[in-house]
Every structure is written in structure tokens, then in C-alpha cells.
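Here are a few exercises to work through with the model open beside you. Try each task on your own, then check the steps.

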Amino acid sequence: CFMSVLTLEGAEGVPLVARFAESDNPEVREAAILAMGASRRADAVEWLIAKFAQTADKPGRKCILLSLSTSRVESAVAFLLDLVAKASPAASTLAVDALSIHARDQQLSAQVDAALAARSPHSSKLVADE
């Protein structure tokens with residue numbers, strides 16, 4: 001349903017779906033967030049990136065990063081790679097996990113490896129839970 005709204009309404013559908021992405025119902029929230037990434041709309045990707053900065057809970061952050069990864073939009077991939085290279089160990093790990101769905105993409109895997117190698121020695125150890 002959310003994908004249909006984004007497809008039919010275009011830019012005007014993003015705010016509507018974004019409202020559902022703020023829902024207290026975790027299933028509705030997740031469906032809306034995943035639809036935003038699947039739409040591959042630049043404005044939806046921008047919203048997801050902004051939402052990530054405002055989200056503290058691990059499941060919410062994980063869902064947003066997975067949505068960005070599935071979008072395959074250049075700005076989303078760049079954001080994820082930047083998180084891998086520069087973010088906290090927890091956020092970096094979540095970004096690596098989100099990008100792992102593209103494990104067969106050798107070029108992207110090489111970019112993930114380079115981003116991991118770029119981490120400072122103090123933050124090179126990734127942890128699953130922080």
C-alpha cells in the first residue's frame with residue numbers, strides 16, 4: 001500500500017508515508033520505512049537519512065539502514081559507506097549488516113572493505129551491540 005502511494009503520488013506521497021513511519025505500531029512503522037527505500041526516490045532517501053539521525057532505538061536504526069541499502073540510490077550507499085568508515089562501532093556494524101545484502105556485488109563489497117580499512121585504529125573494532 002505504501003509503495004502504491006509513493007508510486008502514484010510521487011513527491012506528495014513522501015510526507016504521507018513518512019507520517020506512518022512515525023507510527024507507534026512497529027509493523028506499520030517498518031513497512032512505511034521499507035517502502036521509502038524501495039521507492040528509490042531521492043526525497044525519500046533524504047528523509048530516511050534525516051530520520052536515522054533522530055532515531056535512537058537499535059531496531060529502528062537497523063530498519064532505516066536496511067531501507068537505505070535496498071534503495072541502491074547513490075546518496076544512500078554513500079551515506080552507508082560513510083557510516084561504516086566514520087560512525088560509532090555500533091552504527092558502523094549496523095551499516096555493514098545493511099550492506100551485506102549486496103554481498104555478491106564485488107564492487108560494493110570492495111567499497112565496504114575500503115571503508116572498514118579507513119576506520120581509525122581506535123574505532124576499528126566493530127561490535128554488534130553497544
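**Exercise 1: the core**

The largest nonpolar core has 37 residues, and Met36, Leu65 and Leu68 have the most contacts inside it. Here a nonpolar core is a set of buried Ala, Val, Leu, Ile, Met, Phe, Trp, Tyr and Cys residues joined through side-chain atoms within 4.5 Å. Before you start: this is a predicted model, where local features need pLDDT of at least 70, side-chain atom pairs count only at pLDDT 80 or more, and totals for chains, interfaces and linings use all residues. Residues are numbered from 1 along each chain as its sequence is written, and side-chain values use heavy atoms, with hydrogens and water left out.

Task: find which helices each supply at least two residues of this core, and which one gives the most.

Solution.
- Step 1. Go along the chain: H1 (2-9), H2 (13-20), H3 (26-39), H4 (42-54), H5 (58-71), H6 (74-86), H7 (89-99) and H8 (106-118) each put in at least two residues. Helices (H or I, at least four residues) and strands (E, at least two) are DSSP runs, numbered from the N terminus.
- Step 2. The top contributor is H6, with eight residues.
- Step 3. Now zoom in on Leu68, which touches Val45, Leu48, Ile49, Ala76, Phe79 and Leu80, leaving aside residues up to four places away in sequence. Contact means heavy atoms within 4.5 Å.
- Step 4. For background, nonpolar side chains tend to be buried together in soluble globular proteins.

**Exercise 2: the whole chain**

Task: work out the element order of the chain and how its radius of gyration compares with the globule rule.

Solution.
- Step 1. Count the elements: eight helices and zero strands. From the N terminus on, they run α-α-α-α-α-α-α-α.
- Step 2. The radius of gyration is 15 Å, close to the 14 Å that the globule rule gives for 130 residues, so the chain is as compact as a globular protein of that length. That radius is taken over C-alpha atoms, and the rule is 2.2 Å times the number of residues to the power 0.38.
- Step 3. Box in the C-alpha atoms along the principal axes and you get roughly 45 × 30 × 20 Å.
- Step 4. Of the contacts in the chain with a separation of 6 or more, 62% are between residues 24 or more positions apart.
- Step 5. Of the 130 residues, 43% count as buried. The cut-offs are under 20% relative accessible area for buried, over 50% for exposed, and partly exposed in between (1.4 Å probe, protein chains only).

**Exercise 3: four polar residues**

Task: sort Lys51, Gln106, Arg40 and Arg72 into buried, partly exposed or exposed.

Solution.
- Step 1. Lys51 lies in helix H4. Its relative accessibility is 12%, so Lys51 counts as buried. Lys51 touches Glu22 and Ile64, again not counting residues up to four places away in sequence.
- Step 2. Gln106 lies in helix H8 and is exposed, with a relative accessible area of 70%. From Val45, Gln106 is 61 residues away in sequence and 23 Å away in space, C-alpha to C-alpha.
- Step 3. Arg40 is in the loop between H3 and H4, and at 53% relative accessible area Arg40 is exposed. Phi of Arg40 is near 60°, a positive value in a residue other than glycine.
- Step 4. Arg72 is in the loop between H5 and H6, and at 40% Arg72 counts as partly exposed. Phi of Arg72 is near 60°, a positive value in a residue other than glycine.
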